[in-house]
Amino acid sequence: MTMIAANLQDVRARLAAACQAAGRAPGAVQLLAVSKTFGPEAVVQAFDAGQRAFGENYIQEAVQKIAVLRHLPLEWHCIGPIQSNKTRLVAENFDWVHTVDQFKTATRLNEQRPAALSPLQVCIQVNIDQGLNKSGVEPHDALTLALQVARLPRLRLRGLMCIPEPCADFAAALAVHTRVKTLMDQLNAKGLSLDTLSLGMSDDLEAAVSAGSTLVRVGTAIFGKR
Ligand SMILES: *Cc1c(COP(=O)(O)O)cnc(C)c1O
């Protein structure tokens with residue numbers, strides 16, 4: 001078995017245990033394998049071990065990988081910051097984007113999504129802990145942005161994404177992750193129908209699952225140190 005296959009087994013076991021501990025159904029949380037900085041051969045190893053959904057941060061790097069691996073039935077998620085001059089590449093190459101935090105970006109993605117493809121699946125990134133210089137809409141602006149994005153026909157708004165600052169312990173991580181879950185519940189109470197909470201990485205996936213994450217983004221624990 002390859003190292004990547006063994007790591008995937010471990011991460012799936014961690015996820016299953018976290019779901020059980022949280023009283024959630026096994027399989028309630030999707031695993032996104034974050035393959036940034038790793039080459040196509042690493043993605044193929046994960047694919048051979050059953051992984052289908054991959055996350056990438058650097059758009060140019062991702063587009064090359066996506067092209068090389070076009071023959072495989074993979075699902076690609078953009079989880080990195082999107083400059084205006086990169087929206088077309090995102091719209092044309094990815095299935096999901098987790099990092100929309102401005103209406104301007106959303107309108108460009110909507111205009112540039114090719115008609116032949118299904119709508120681009122979108123999460124709005126939220127800056128839940130007031131991290132300086134951090135991407136993400138402020139929580140009090142999330143409803144306005146979500147209502148605007150939900151109206152764009154070539155996008156399908158699915159949920160919220162967050163990258164909280166690292167926390168000292170489980171309780172602190174659970175508290176901050178729960179703030180994102182609460183925000184999603186509040187948006188749904190205002191008439192949105194968000195079903196995706198993109199929350200949790202290698203070091204904090206247990207706390208994220210406990211808070212209600214439906215999708216964890218795991219890089220290091222699968223592919224090793226970058
Ligand atoms: C790199 C990255 C991850 C994966 O982080 P690990 O700690 O390696 O699991 C998840 N989400 C985002 C947005 C990232 O940039």
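On a 1 Å grid over the protein atoms alone, a pocket is an open set of points with protein on both sides within 12 Å along at least five of seven lines. A molecule sits in a pocket if more than half of its atoms lie within 2 Å of its grid points. Here, the space taken by the ligand is the largest pocket.

This is a predicted model, where local features need pLDDT of at least 70 and side-chain atom pairs count only at pLDDT 80 or more, while totals for chains, interfaces and linings use all residues. Residues are numbered from 1 along each chain as its sequence is written, and side-chain values use heavy atoms, leaving out hydrogens and water.

Let's look around the ligand. Its surroundings hold 13 residues (a heavy atom within 4 Å), and Lys36, Asn57, Ser202, Thr220 and Arg226 come nearest. This shell has six nonpolar, four polar and three charged residues; Asp, Glu, Lys and Arg count as charged, and Gly counts as polar.

The table shows polar contacts, pairs of N or O atoms within 3.5 Å.

| Ligand atom | Protein partner | Distance |
|---|---|---|
| nitrogen | Arg217, side-chain N or O | 2.8 Å |
| oxygen | Gly219, polar backbone atom | 2.8 Å |
| oxygen | Thr220, side-chain N or O | 2.5 Å |

The protein covers 90% of the 380 Å² of accessible area (Shrake-Rupley method, 1.4 Å probe) that the ligand has on its own.

Now for the whole protein: the C-alpha atoms fill a box of roughly 45 × 40 × 30 Å, taken along the principal axes. Nine helices (at least four residues) and eight strands (at least two), both DSSP runs, are present.

Key:
Polar contact = N/O pair within 3.5 Å; in protein donor to acceptor, adjacent residues only side chain to side chain. 1 Å grid on protein atoms, 1.4 Å probe; cavity = no way out; pocket = protein on both sides within 12 Å on 5 of 7 lines; lining within 4 Å.
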